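Work through the exercises below with the model open. Each task is followed by its solution in steps.

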Amino acid sequence: MSLILGPDKECDYLDERNEDFSNEDFDSSSFCSSSFKGCNFLSSSFRSASFVDCTFIDCNFSSSDFSSSSFSRCNFVSCLFKGTVFSKVRMKDVKIENSSFLYVSFDNSDLKNSGIYNSKINDGSFSDVSCKNFSLHSDNLLGTSFRGTMLSLISLKMSDISGIYLSEGAKELNGAKLDVSQALDAAKLIGVEIIE
């Protein structure tokens, strides 16, 4: 393993393949212009870490903690996020695609010019999130909470919103741009009974 492990490290220009970084402490570390493919970061800690111009392909971030971290110009492809914490993160120009999210929290995060595409998101939370030009294209958002997050600020194109959670009164729907199927699902979320 060529990566020098430990918190408060500067990790620039790394090219890691099929490495096991399980249970490692990367708190307050800085990653720049680095690439990771097939790496395992199970139960690792990245609290207050910084990621700039990084790419992650086929990596496992299950049970990892990215609380208060920042991401700029990063890409995640075909990654697994199960029980992963992204609370209070800042993402700008980040693209996540073909990935799987289960029990993942993005609560109180700031997401700008970023998106999650062609990914499954079950039982997650995007509560009290600040968004600008954020896209969330998922065919499955079952059990995901958007309490306190204005859906008008998120592109939900091609997303199934039938199983999402909103606050009482569903204020999150104000101004949301929805297709016909999503509008029917939204009506059901606020208690409207659809009669055919």
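**Exercise 1.** Classify Arg17 by its relative accessibility and list its side-chain partners.

Step 1. Arg17 has 37% relative accessibility, so it counts as partly exposed; buried means under 20% relative accessible area, exposed over 50%, and partly exposed in between, with a 1.4 Å probe and protein chains only. This is a predicted model, in which local features need pLDDT of at least 70 and side-chain atom pairs count only at pLDDT 80 or more, while totals for chains, interfaces and linings use all residues. Residues are numbered from 1 along each chain as its sequence is written, and side-chain values use heavy atoms, with hydrogens and water left out.

Step 2. Arg17 forms a salt bridge with Asp15, with the closest N and O atoms 2.9 Å apart. The term requires a side-chain nitrogen of Lys or Arg within 4 Å of a carboxyl oxygen of Asp or Glu.

Step 3. The side chain of Arg17 also makes a polar contact with the side chain of Ser35, at 3.4 Å. Such a contact is a pair of N or O atoms within 3.5 Å; within protein, one must be able to donate a hydrogen and the other to accept it, and residues adjacent in sequence count only if both atoms are side-chain atoms.

Step 4. Ser35 lies in strand 4 (residues 35-37); strands (E, at least two residues) and helices (H or I, at least four) are DSSP runs, numbered from the N terminus. With a relative accessible area of 18%, Ser35 is buried.

**Exercise 2.** How many salt bridges does the structure hold, and which residues are linked in a network?

Step 1. The count of salt bridges is 6. Side chains of opposite charge can pair when their charged atoms come close.

Step 2. Arg73 pairs with Asp53 in a salt bridge, the closest N and O atoms being 2.8 Å apart. This pair links distant parts of the chain, 20 residues apart: Arg73 is in the loop between strand 7 (70-72) and strand 8 (75-77), and Asp53 in the loop between strand 5 (50-52) and strand 6 (55-57). Arg73 is partly exposed at 43% relative accessibility, and Asp53 is partly exposed at 31%.

Step 3. Lys112 forms a salt bridge with Asp110, with 3.0 Å between the closest N and O atoms. Lys112 is partly exposed at 31%, as is Asp110 at 22%.

Step 4. The network of salt bridges links Asp27, Arg47 and Asp65.

**Exercise 3.** Give the strand order of the open sheet that 3 strands form, and name its edge strands.

Step 1. The order is 9-12-14, with parallel pairing; two strands pair if DSSP finds at least two bridges between them.

Step 2. Strand 9 (80-82) and strand 14 (120-122) are the edge strands, each pairing on one side only.

Step 3. Strand 12 (residues 100-102) and strand 14 pair over 3 bridges in the parallel sense. Ser100 stands opposite Lys120 in strand 14.

**Exercise 4.** Which strands pair with strand 15, and over how many bridges?

Step 1. Strand 13 (residues 110-117) and strand 15 (residues 130-137) pair in the parallel sense over 7 bridges. Lys112 has Lys132 in strand 15 as its bridge partner.

Step 2. Strand 15 is joined to strand 16 (residues 154-155) by 2 bridges, and the two run parallel. The bridge partner of Ser135 is Ser155 in strand 16.
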